[in-house]
Amino acid sequence: MKKRLTREEYHKGLIGKVPKKWHKEMLEEFDRDEELNKVESLLFTTVNEPEEIHKRLHEINTFQCVDNELYLRGKDEMGEDLTICFDAFNFLEWIDKEQIEYIKEQTIKYIQKK
């Protein structure tokens with residue numbers, strides 16, 4: 001990505017290339033563009049979707065289900081506390097006996113490789 005010029009760099013670039021009487025007007029235009037860039041930057045950072053967070057619940061030490069919320073708590077890959085909250089009903093829709101069996105099969109394969 002090309003580096004944007006500062007106001008001073010832009011002004012130095014004008015010297016000797018355009019008549020001096022145009023400098024003020026061109027610098028004002030540069031300032032308006034800078035303000036527009038700041039506004040666009042703010043808009044794009046607030047409009048864009050947040051970056052996906054990928055965490056690993058390395059050690060589960062607490063399980064809780066209350067008011068249709070399922071909680072798994074423990075430590076993340078950095079040893080920091082981490083809590084994950086699921087909608088309990090949705091969790092049960094997705095994780096049934098078939099998924100539990102699949103998890104067991106994959107875990108057994110992993111253990112046998114080691």
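How many salt bridges does the count come to in this chain? By the rule that a side-chain nitrogen of Lys or Arg lies within 4 Å of a carboxyl oxygen of Asp or Glu, the count comes to four salt bridges. I shall return to these pairs after an outline of the chain.

Colleagues, the structure is a predicted model, in which local features need pLDDT of at least 70 and side-chain atom pairs count only at pLDDT 80 or more, while totals for chains, interfaces and linings use all residues. Residues are numbered from 1 along each chain as its sequence is written, and side-chain values use heavy atoms, with hydrogens and water left out.

Let me begin with the overall arrangement. The chain holds four helices and three strands. Helices here are DSSP runs of H or I with at least four residues, strands are runs of E with at least two, and both are numbered from the N terminus. Read from the N terminus, the order of elements is α-α-β-β-β-α-α.

The chain has 114 residues, of which 11% are buried. Buried means under 20% relative accessible area, exposed means over 50%, and partly exposed lies in between, with a 1.4 Å probe and protein chains only. The chain exposes about 10,700 Å², and carbon and sulfur atoms supply 57% of that area. Accessible areas come from the Shrake-Rupley method with a 1.4 Å probe, and for residues only the protein chains shown count as cover.

Contact means heavy atoms within 4.5 Å. Among contacts between residues at least 6 apart in sequence, 11% join residues at least 24 apart.

I now turn to the salt bridges. Side chains of opposite charge can pair when their charged atoms come close. Lys55 pairs with Asp76, and the closest N and O atoms are 2.8 Å apart. This pair links distant parts of the chain, since Lys55 is in the loop between helix 2 and strand 1 and Asp76 is in strand 2, 21 residues apart. Is Asp76 buried or exposed? Asp76 counts as buried because its relative accessibility is 5%. Lys55, at 38% relative accessibility, counts as partly exposed.

A second pair is Asp81 with Lys75, where the closest N and O atoms are 2.7 Å apart. Asp81 has a relative accessible area of 64% and is therefore exposed, whereas Lys75, at 26%, is partly exposed.

Within helix 4, Glu101 forms a salt bridge with Lys104, the closest N and O atoms being 3.8 Å apart. These two residues are three residues apart in helix 4, about one turn of the helix. Glu101 is partly exposed at 42% relative accessibility, and Lys104 is partly exposed at 45%. Elsewhere, Lys55, Asp76 and Glu77 are joined into one network by salt bridges that share partners.

Next to Lys55 in the numbering comes Arg56, which also lies in the loop between helix 2 and strand 1. Which residues does Arg56 contact, leaving aside its neighbours within four places in sequence? They are Lys75, Asp76, Glu77 and Leu82. Arg56 is partly exposed, because its relative accessible area is 47%. From C-alpha to C-alpha, Arg56 and Gly74 are 10.0 Å apart in space, and in sequence they are 18 residues apart.

The loop between strand 1 (57-66) and strand 2 (69-76) contains Asp67. Although Asp67 is not a glycine, its phi is positive, at about 50°. Asn68 has its place in that loop between strand 1 and strand 2 as well, and its phi, near 60°, is a positive value in a residue other than glycine. Asp67 counts as exposed because its relative accessibility is 71%, while Asn68, at 40%, is partly exposed.

Finally, the surface patches. Patches are made of residues with over 30% relative accessible area and no salt bridge; like charges are joined within 9 Å, and nonpolar side chains (Val, Leu, Ile, Met, Phe, Trp, Tyr) within 5 Å. Glu25, Glu28, Glu29 and Asp33 form a negative surface patch. Lys and Arg count as positive and Asp and Glu as negative, with His and the chain ends not counted. The place of a charge is taken as NZ of Lys, CZ of Arg, CG of Asp or CD of Glu. Asp33 belongs to helix 2 (residues 20-47) and, at 37% relative accessibility, counts as partly exposed.

A nonpolar surface patch of about 290 Å² is made by Ile100, Tyr102 and Ile103. Ile103 is placed in helix 4 (residues 97-113), and its relative accessible area of 46% is why it counts as partly exposed.
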